[in-house]
Every structure is written in C-alpha cells, then in structure tokens.
Amino acid sequence: MTNKTSSLDGIYTSKEIVEVRLPYPPSANAIWRNFGGRTIKSAEYRAWIKEAGWAVKAQRPGQVSGPFKISLNAVRPDNRRRDLSNLLKATEDLLQAVGIIEDDCLAEMIIMRWVTTGDGICVRIEPAGVE
C-alpha cells in the first residue's frame, strides 16, 4: 500500500507502507534445537518459514529500506497462556529473508498487541521517521 502525504510546499511524497498477513509463527522458544552439539532450525520453524514465505510472496508486498517501524496484531490461536513478544523473532527473520526489510536490527519502533478477530498475525512495516 502506498500512502501519499503532502508536504508544506504542496509537493507530494510517497512513503511505502507494507502490510502482510502471516500464519501464526512458532514461539521464539521453539525455533532452535540442539543436535549433535550444533544449533539448528527446528522442523516446526523450517515448515513455518516455507509456508509463511509462500504466503508473503502471494501478497506481492513492497519493501521498506533503512530504519523501520513494525506493528504486529496477533490472534491467540487457543486459550493457553502465551508471551506476545515470542512472536517477534520468527516474524522479523522472515521479513528479512523475503526482502521486505533489509535487516531486523534496523527496527526503531515495535508495537505488538493481541486482537480478537482475524487469523494468524497482521504485520505492518513502514519507514521510521522523525517523531
């Protein structure tokens, strides 16, 4: 989605805002496994990366270069207690892998919340600006 904003001198500038819907990611506690003294991606995480990667590509999102703000709205998949912040790592890694963001270390603002409608998570990424 492109958001047109007007500057004071009447010239329009375009800021790229990207929104994608993703299947519910695995918890940060479940993305790595130790195997033979090495740390590897878990089978669950590899399967999610594949599924979510195709879901993102089907949505044909744009890219946000440089520092960014990210907002995640997540629907609880069940009634178990969950730590909302455990969803961020897998999500940011995927956004970087598919080229929506350059590097997850460029996040300047992170907003996350539980919502009651929808499916999986809705992610909104936009360039960071002067606040």
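The following conversation works through how several labels are assigned in a predicted model.

Visitor: How is the protein built, and in what order do its elements run?

Guide: The secondary structure comes to two helices and eight strands, and from the N terminus on the order is β-β-β-β-β-α-β-α-β-β. Of the 131 residues, 33% count as buried, while about 8400 Å² of the protein is exposed, with carbon and sulfur atoms supplying 50% of that area.

Visitor: Why is Thr 91 called buried?

Guide: The relative accessibility of Thr 91 is 0%, and buried means under 20%, so Thr 91 counts as buried. This residue is found in helix H2, where it touches Leu 22, Pro 25, Trp 48, Leu 72, Ile 121 and Val 123, leaving aside residues up to four places away in sequence.

Visitor: What makes the approach of the Thr 91 side chain to the backbone oxygen of Leu 87 a polar contact?

Guide: The side chain of Thr 91 reaches that oxygen at 2.8 Å, and the cut-off for a suitable pair of N or O atoms is 3.5 Å, one able to donate a hydrogen and the other to accept it; the distance of 2.8 Å is within that limit, and therefore the pair qualifies.

Visitor: Which residues have the most contacts inside the largest nonpolar core?

Guide: That core has 24 residues, and those with the most contacts inside it are Leu 22, Leu 95, Ile 100, Val 123 and Ile 125. Strand S3 (18-22), helix H1 (43-59), strand S6 (68-75), helix H2 (88-97) and strand S8 (121-127) each supply at least two of the core residues. Leu 95, for its part, touches Val 20, Ile 70, Ile 100, Ile 101, Val 123 and Ile 125, not counting residues up to four places away in sequence. In soluble globular proteins, nonpolar side chains tend to be buried together.

Visitor: What makes Ser 42 count as buried?

Guide: Ser 42 has a relative accessibility of 5%, which is set against the limit of under 20%, and so Ser 42 counts as buried. Ser 42 is found in the loop between strand S5 (38-41) and H1, and touches Ala 30, Ile 31, Trp 32 and Arg 33 when residues up to four places away in sequence are not counted.

Visitor: Is Arg 60 buried or exposed, and how do you know?

Guide: Its relative accessibility is 74%, and exposed means over 50%, so Arg 60 counts as exposed. Arg 60 has its place in the loop between H1 and S6, and its phi is near 50 degrees, a positive value in a residue other than glycine.

Visitor: How do Cys 105 and Cys 122 come by their labels, and how many disulfides are there?

Guide: Cys 105 has a relative accessible area of 59%, and because exposed means over 50%, Cys 105 is exposed; Cys 122, at 17%, falls under the 20% limit and therefore counts as buried. A disulfide needs a pair of cysteine sulfur atoms within 2.5 Å, and by this rule the count comes to zero.

Visitor: Where does pLDDT stay under 50?

Guide: It stays under 50 over residues 1-14, for which the model has 19 contacts beyond four places in sequence. The average pLDDT of the protein is 87, and 87% of the residues score at least 70. Where pLDDT is low, the predicted coordinates should not be read in detail.

Conventions: Residues are numbered from 1 along each chain as its sequence is written. This is a predicted model: local features need pLDDT of at least 70, side-chain atom pairs count only at pLDDT 80 or more; totals for chains, interfaces and linings use all residues. Side-chain values use heavy atoms; hydrogens and water are left out. Helices (H or I, at least four residues) and strands (E, at least two) are DSSP runs, numbered from the N terminus. Buried means under 20% relative accessible area, exposed over 50%, partly exposed in between (1.4 Å probe, protein chains only). Accessible areas come from the Shrake-Rupley method with a 1.4 Å probe; for residues, only the protein chains shown count as cover. A nonpolar core is a set of buried Ala, Val, Leu, Ile, Met, Phe, Trp, Tyr and Cys residues joined through side-chain atoms within 4.5 Å. Contact means heavy atoms within 4.5 Å. pLDDT is the predictor's confidence in each residue, from 0 to 100.
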